[in-house]
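Subject: Structure to look at

Hi,

Here is the structure I promised to send over. Have a look at it first, and then read on for what turned up.

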Amino acid sequence: MQVGYLGNGCADQLAKEAITKGDPFLLPKPLSYPKAEIKSAALSIWQDNWDNGETGRRTHDIVPRVSNKPVGWNREEIMFVTGHGPFPSYLLRFNLRTHDHCSCGEKEDAIHYATKCPFTLSWHFQTPTVSLKLQWLKNILTNKFSRTRLRLLTCFICDENNLIVKDNN
């Protein structure tokens with residue numbers, strides 16, 4: 001034992017007691033430990049719910065892993081990816097439209113506007129094959145220029161919805 005260091009004697013005494021009694025000398029875990037454990041458990045439950053859920057499958061295909069970090073998409077990009085926006089196919093689900101067709105006559109969804117609709121020709125992307133649709137969308141979301149075009153397209157659809165969606169109500 002070094003003389004003059006306050007606490008050394010107490011530490012030595014506690015160490016001897018732990019050895020002679022056979023009891024482990026336990027230090028309490030820091031507060032960060034249970035916080036990290038709770039966060040890990042919550043993320044695990046969230047991931048399980050996300051993987052086994054029935055809704056959001058299109059978004060799940062693009063963002064399969066849950067995270068507390070935002071994906072960095074803006075409002076228009078989120079509307080396009082999820083299909084939750086001024087699209088007749090979405091509005092029909094809530095009885096806000098009587099049909100899910102565009103004014104051009106085709107059954108509409110967000111990809112219809114981005115690839116086929118004559119009313120959105122200025123923003124068209126190349127039409128993906130069915131098997132490559134997911135990769136097509138991922139590529140758009142990782143390309144800065146394509147994301148800008150996607151935002152402009154979605155803004156146009158929001159602003160001019162009455163022109164491109166004919167309703168029978």
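A salt bridge here is a side-chain nitrogen of Lys or Arg within 4 Å of a carboxyl oxygen of Asp or Glu. By that rule, this predicted model has two salt bridges.

Both involve E77. In one, R147 pairs with E77, with the closest N and O atoms 2.8 Å apart. R147 lies in helix α8 and E77 in helix α4, so this pair ties together parts that are 70 residues apart in sequence. In the other, R151 pairs with E77, and here the closest N and O atoms are 2.7 Å apart. R151 is also in helix α8, and the link to E77 in helix α4 spans 74 residues. Shared partners join E77, R147 and R151 into one network.

How buried or exposed are these residues? R147 and E77 are both buried, E77 with a relative accessible area of 1%, while R151 counts as partly exposed because its relative accessibility is 24%.

The two helices themselves are worth a look. Helix α4 (residues 75-82) and helix α8 (residues 144-159) pack at an angle of about 80 degrees, their axes 9 Å apart, which means that α4 is roughly perpendicular to α8. Among the residues that meet are M79 and F80 from α4 and L150 and L153 from α8. In total, the contact has six nonpolar, one polar and four charged residues.

Finally, helix α7 (residues 133-142) has W136, L137, I140 and L141 buried. They sit on the same side of α7 because they cover an arc of only 130 degrees around the axis. These buried residues pack against α3, α4, α6 and α8.

Best wishes

Terms used. Residues numbered from 1 in each chain as written. Heavy atoms only, no water. Axes fitted to C-alpha atoms, helices over the stretch in contact; angles between N-to-C directions. Helix = DSSP H or I, 4+ residues; strand = E, 2+ residues; numbered from the N terminus. Parallel < 35°, antiparallel > 145°, perpendicular 65-115°, else oblique. Contact = heavy atoms within 4.5 Å. Nonpolar A, V, L, I, M, F, W, Y, C, P; charged D, E, K, R; others polar. Buried < 20%, exposed > 50% of the residue type's maximum accessible area, 1.4 Å probe, protein only. Arc of directions from axis to C-beta.
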